[in-house]
Amino acid sequence: MTDVDAIDGPSPRQLMLRRARTHPGFLLGGSIVAVLIVSALTAPVIAPHDPYAQDLANRLLPPVWAETGTWDHVFGTDALGRDYLSRLIHGARVSLLIGVCAATGSGVIGTFLGLVAGYFGGRVDSVVSFIISSRLALPVILIALAVVSLFGGHLWIVITVLSLLLWDRFAVVLRSATQQLRSQEFVTAARAMGCSTPRILLAELLPNLVGPLVVVASLEVGHAILLESALSFLGLGVQPPTPSWGLMVAEGKDMIFFDARLIALPGAAIALTVLGVNLVGDGLRDIFAPEGRA
Amino acid sequence: MIDGSPVLSVRNLHVTIPTPTAPFVAVEGVDLEVKAGETLGIVGESGSGKSVSALAVMRLLPPPIMVEADDLRLGDLDLSGLTEHRMADVRGARIGMIFQEPMTALNPVLTVGRQLTETFLRHRGGRRSAARDRAVHLLERVGIPQAADRLRAYPHQLSGGLRQRVMIAMALMCGPDLIIADEPTTALDVTVQAQILDLLAGLQTEHGMAMIFVSHDIGVVARIAHTVQVMHAGRTVEAGSVHDLLARPSHPYTRALLSAIPRPGMRWGRDPLGAVTWTDDGAEAPS
């Protein structure tokens with residue numbers, strides 16, 4: 001027999017790990033995100049002070065690099081005397097929670113619509129395409145503002161609103177990816193094996209779509225974090241005294257000419273987080289590259 | 001089977017594909033019949049309706065395409081009367097299907113083991129370990145070395161021949177009455193092709209199942225089939241036992257197909273239908 005010498009290669013997982021280890025952008029973004037996740041998870045332990053504890057005697061203390069700064073308050077204190085570093089660390093929790101939950105929620109909605117539209121095509125596709133177009137016609141920040149001002153700025157309301165507004169990219173990407181897959185012979189083969197339609201969608205097609213799904217999800221995490229910051233800055237997102245980076249920028253904006261650190265630090269935190277998340281997303285795109293799947 | 005009643009019998013099959021201008025009739029009045037332990041070969045060129053007929057039997061053609069038949073039964077089960085849900089119970093369990101492209105007919109991101117056991121668990125239920133044992137047994141039977149290790153392999157880690165063997169094992173998982181093989185050897189090189197044909201013939205005698213073997217290659221069909229049906233433009237132009245058909249082809253199209261196989265001492269000429277092909281040296285093309 002000539003074909004018994006099977007061509008053995010590394011499994012897809014090994015290939016992906018290998019690419020991940022040699023991708024500088026992914027490693028940098030991954031490190032940033034890892035630091036953020038660790039600090040968000042361990043915030044109560046690593047934060048030097050209670051982020052809510054006000055100390056009016058020590059308002060607006062300068063950071064450690066200023067002449068009068070002390071190591072007790074590394075990033076100084078805000079206008080109410082709360083430790084800025086502690087608030088930044090706790091702010092990571094809010095940002096990551098909103099980012100991950102909103103991306104998951106919108107991912108579920110968008111994946112469902114994209115899969116169904118791409119697989120069934122025809123009238124179903126027309127309806128879903130119409131829903132996508134309608135959604136794209138809505139200005140996200142205005143809708144979010146309107147809803148949050150109607151129902152209040154509770155954390156879970158912000159997450160729900162963002163989930164309902166950010167699914168478009170999932171739907172668009174998964175729709176076209178599914179369209180390419182549905183004509184593949186393995187889909188017919190699965191039907192010939194007696195698989196039902198839900199089973200083909202979830203057990204046969206979805207595993208093939210993990211790549212684009214993860215890439216879009218990571219980009220949407222960044223998107224959601226930015227939107228939450230914007231909402232909080234406008235005073236309609238997370239409500240004080242919860243430490244949220246957007247809210248911290250808003251609270252610091254009156255002091256911009258006197259103490260720019262109050263805006264610069266949370267602003268940098270937002271930028272760094274979104275940068276890290278986007279680098280991870282871009283890296284994942286390269287790692288899941290289709291040419292890797294020979 | 002001793003009584004010789006057909007496993008599959010299809011009478012007057014029509015497949016119509018609606019197009020914006022006029023409906024296109026892809027298959028017109030085709031009868032198919034295959035008994036247990038026998039192989040029916042369906043030969044024809046691309047677009048002759050052979051694959052469409054096979055998919056119509058499985059009821060796998062998507063909705064706008066209309067399939068009609070006076071009779072479409074598997075054993076004593078009327079397939080045309082089944083709901084889609086009941087039909088899904090038949091597919092994979094009582095009819096196994098083997099596809100042309102082993103590259104694309106296996107899901108690239110699922111392991112071979114998962115794809116094999118999934119079918120079995122779907123139809124037969126039971127424990128995962130039982131399904132695994134059956135998968136290993138069948139992989140060994142279809143000639144895959146280190147079968148237990150191969151369960152963890154992904155399709156791209158196997159060669160084309162091995163992948164086609166996996167497809168065959170998958171079709172056999174539930175012990176079907178009928179195997180429909182749609183050009184199963186076309187994508188393989190000639191030596192592997194011969195091995196796969198031998199394997200299919202061996203498995204058939206072992207399990208006594210019926211088989212429909214679709215191919216454009218009359219040489220391959222001659223090697224494996226007991227009865228042959230030649231299709232052209234959606235109709236059966238000639239049918240009969242493989243021996244009679246090869247010895248005395250009565251239809252010009254069958255003769256054209258046969259003369260398309262080059263032999264030593266042939267030269268380029270015109271076939272009975274007027275197309276350029278190999279003809280016997282010096283001999284006048286039959287008209």
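**Exercise 1. A helix in chain A**

How many residues does helix α2 of chain A have, and what distance does it reach from its first C-alpha to its last? Then work out where its buried residues lie around the axis.

*Solution.* The model is a predicted one, and the steps below are read from its coordinates.

Step 1. Helix α2 of chain A covers residues 24-41, which makes 18 residues, and it reaches 25 Å from its first C-alpha to its last, close to the 26 Å expected at 1.5 Å a residue.

Step 2. The buried residues of α2(A) are A:F26, A:G29, A:V33 and A:L36. Seen down the axis of α2(A), the buried residues fall within an arc of 105 degrees, so they line one face of the helix.

Step 3. On the face turned away from that buried side, α2(A) carries the exposed residues A:P24, A:A34 and A:V38.

**Exercise 2. The annotated domains**

Compile what UniProt lists for chain A and for chain B, and set the secondary structure of each span beside the annotation.

*Solution.* Step 1. For chain A, an unreviewed UniProt entry lists "domain: ABC transmembrane type-1" at residues 92-281. Over residues 92-281 of chain A the chain is 80% helix and 0% strand, with the end C-alpha atoms 19 Å apart.

Step 2. For chain B, an unreviewed UniProt entry places "domain: ABC transporter" at residues 8-258. That span of chain B is 39% helix and 25% strand, and its end C-alpha atoms lie 27 Å apart.

**Exercise 3. A sheet in chain B**

Establish the strand order of the open sheet of 6 strands in chain B, and follow the pairing from β9(B) through β3(B) to β11(B).

*Solution.* Step 1. The order is β7-β8-β9-β3-β10-β11 in chain B, and the pairing is mixed. The edge strands, each pairing on one side only, are β7 (95-98) and β11 (235-241) of chain B, and the twist averages 15 degrees from one strand to the next.

Step 2. Helix α6 (residues 160-172) of chain B packs on this sheet, where it touches β7 and β8 (178-182) of chain B, and its direction makes about 170 degrees with that of β7(B).

Step 3. Strand β3 (residues 39-43) of chain B pairs in the parallel sense with strand β9 (residues 210-215) of chain B over 5 bridges, and B:T39 stands opposite B:M211 in β9(B). β3(B) also pairs in the parallel sense with β10(B), over 4 bridges, where the bridge partner of B:I42 is B:Q229.

Step 4. Strand β10 (residues 227-232) of chain B is joined to β11(B) by 6 bridges, and these two strands run antiparallel. B:Q229 has B:A239 as its bridge partner in β11(B).

Step 5. In a regular strand the side chains alternate between the two faces of the sheet. In β3(B), B:T39, B:G41 and B:V43 lie on one side and B:L40 and B:I42 on the other, and all are buried, so that both faces are covered.

**Exercise 4. An enclosed helix**

How many of the 13 residues of α3(B) are buried, and what covers them?

*Solution.* Step 1. Helix α3 (residues 112-124) of chain B should span 18 Å at 1.5 Å a residue, and its end C-alpha atoms are 18 Å apart, which agrees.

Step 2. Of its 13 residues, 10 are buried, so α3(B) is largely enclosed by the rest of the structure; among them are B:L116, B:F120 and B:H123.

Step 3. The cover over the buried residues of α3(B) includes α4 (128-141), α5 (147-150) and α6 of chain B. α3(B) is followed by B:G125, whose phi is positive, near 65 degrees.

Methods
Residues are numbered from 1 along each chain as its sequence is written. Chains are lettered from A and ligands numbered from 1 in the order in which they are written. This is a predicted model: local features need pLDDT of at least 70, side-chain atom pairs count only at pLDDT 80 or more; totals for chains, interfaces and linings use all residues. UniProt positions are given in the numbering used here, feature names are shortened, and annotations may be inferred rather than shown by experiment. The expected span of a helix is 1.5 Å times one less than its number of residues. A residue is buried if 20 or more other C-beta atoms lie within 10 Å of its own, exposed if 12 or fewer, and partly exposed in between; C-beta atoms are placed from the backbone. The arc is that of the directions from the helix axis to the C-beta atoms. Two strands pair if DSSP finds at least two bridges between them. Axes are lines fitted to C-alpha atoms, for helices over the stretch in contact, and angles run from 0 to 180 degrees between N-to-C directions. Two residues are in contact if their C-beta atoms, placed from the backbone, lie within 7 Å.
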